[in-house]
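Q: Please take a close look at one strand in this model and place it in its surroundings. Start from the overall fold and work inward.

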Amino acid sequence: MNEQEFIKAIEDLGLTITLDQQKKLELVYNTLIETNTKMNLTRITAKEDVYLKHFYDSLTIVKIADLSKVNTLCDIGSGAGFPGIILKIFYDNLDITLIDALNKRVVYLNNLIEKLNLKNIRAYHMRAEDLIRKHKTFDLVTARAVAALPKLLPWAMPLVNTHGSFIAMKGNVLDELNDAKKLMIKKKWYLNSQVTFSLPHDAGIRTLLELKKK
């Protein structure tokens, strides 16, 4: 997916892109590739693949959530900043907390945030359990390629506020959903909506799951 294909694809998602946002994405890409030579951030390094499998994929969350109506967001296991950093570039209204268990990734994220001159977004070296102990909750919690649902839900759902949602960004999830059923019934968590779609260029199947508390 080249940059023009990316612009067209996100327009199909209902998003428009400014010149400033295009420059920010270019900066994210260049910083990612430069840093990736020193530490392992991603196996995906070709520019067209980064725009498709990281940038576009991060933004597909709009298929299931109206981010313009969200105030606070926590991205668990943010890694190289997907989807958190990309969502902030497109949705300035979001107050975003990024958490990751590896400190050098957190340092990378905060340096990138500073480079991009983004406000109301910060990365922290901690696990979800640490935030849970602090009784922190958010309107929206996200996780992309972090863990299977039975392991992921106990980390994510306690961070969701009363009216909020957890959105898991997944590939094929049928087995994971079946494995998580008993836990969801016990904890009174439920699947509010599910969207399955194919990435452009036959780049794979994606599933977005929105989970809420009863």
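A: The chain has eight helices and seven strands. The model is a predicted one. Its C-alpha atoms fill a box of roughly 45 × 35 × 30 Å along the principal axes. The radius of gyration is 16 Å, which agrees with the value near 17 Å for a compact globule of 214 residues. Of those 214 residues, 51% count as buried. The chain exposes about 10,600 Å², and carbon and sulfur atoms supply 48% of that area. Contacts reach far along the sequence: among those between residues at least 6 apart, 66% join residues at least 24 apart.

Now to strand β5, residues 160-170. Nine of its 11 residues are buried, so the strand is largely enclosed by the rest of the structure. The cut-off for buried is under 20% relative accessible area.

β5 has a parallel partner in strand β4, residues 138-144, and six bridges join the two. Within this pairing, Leu-140 stands opposite Ser-165 of β5. The connection passes through helix α7, residues 149-156: β4, α7 and β5 make a right-handed β-α-β unit.

β5 also pairs with strand β7, residues 205-213. Here the sense is antiparallel, over five bridges. Ile-167 of β5 stands opposite Glu-210 in β7.

Follow β4 away from β5 and the next stop is strand β1. β1 and β4 pair in the parallel sense over four bridges. Ile-76 of β1 has Ala-143 in β4 as its bridge partner. β1 spans residues 72-76 and is mostly covered, with four of its five residues buried.

β1 in turn pairs with β2, again in the parallel sense, over five bridges. Thr-72 stands opposite Asp-95 in β2. Helix α4 takes part here: β1, α4 and β2 make a right-handed β-α-β unit.

Asp-95 of β2 merits a brief stop. This residue is partly exposed, with a relative accessible area of 36%. Leaving aside neighbours within four places in sequence, Asp-95 is in contact with Asn-71, Thr-72, Leu-73 and Asn-120. Its C-alpha atom is separated by 8.6 Å from that of Cys-74, which lies 21 residues away along the chain.

Next, the nonpolar packing. In soluble globular proteins, nonpolar side chains tend to be buried together. The largest nonpolar core in this model holds 53 residues. Phe-6, Phe-55, Leu-67, Ile-85 and Phe-90 touch the most other members. β5 supplies at least two residues of this core. So do the helices α1 (3-12), α2 (19-36), α3 (47-59), α4 (84-90) and α5 (103-116), along with strands β2 (95-100) and β3 (121-125). Apart from this core lies another, of 26 residues. Among its members are Met-126, Ala-128, Ala-168 and Leu-209.

Leu-67 links back to the strands already described. Not counting residues up to four places away in sequence, Leu-67 touches Ile-61, Val-62, Leu-87, Tyr-91, Asn-93, Leu-94 and Leu-140. Leu-140 is the residue that stands opposite Ser-165 in β5.

To return to the strand itself: β5 pairs in parallel with β4 and in the antiparallel sense with β7. Its enclosure follows from the count given above, since nine of its 11 residues are buried.

Key:
Residues are numbered from 1 along each chain as its sequence is written. This is a predicted model: local features need pLDDT of at least 70, side-chain atom pairs count only at pLDDT 80 or more; totals for chains, interfaces and linings use all residues. Side-chain values use heavy atoms; hydrogens and water are left out. Buried means under 20% relative accessible area, exposed over 50%, partly exposed in between (1.4 Å probe, protein chains only). Two strands pair if DSSP finds at least two bridges between them. A crossover is right-handed if, with the strands pointing away from the viewer, the path from the first strand over the helix to the second runs clockwise. The radius of gyration is taken over C-alpha atoms; the globule rule is 2.2 Å times the number of residues to the power 0.38. Contact means heavy atoms within 4.5 Å. Accessible areas come from the Shrake-Rupley method with a 1.4 Å probe; for residues, only the protein chains shown count as cover. A nonpolar core is a set of buried Ala, Val, Leu, Ile, Met, Phe, Trp, Tyr and Cys residues joined through side-chain atoms within 4.5 Å.
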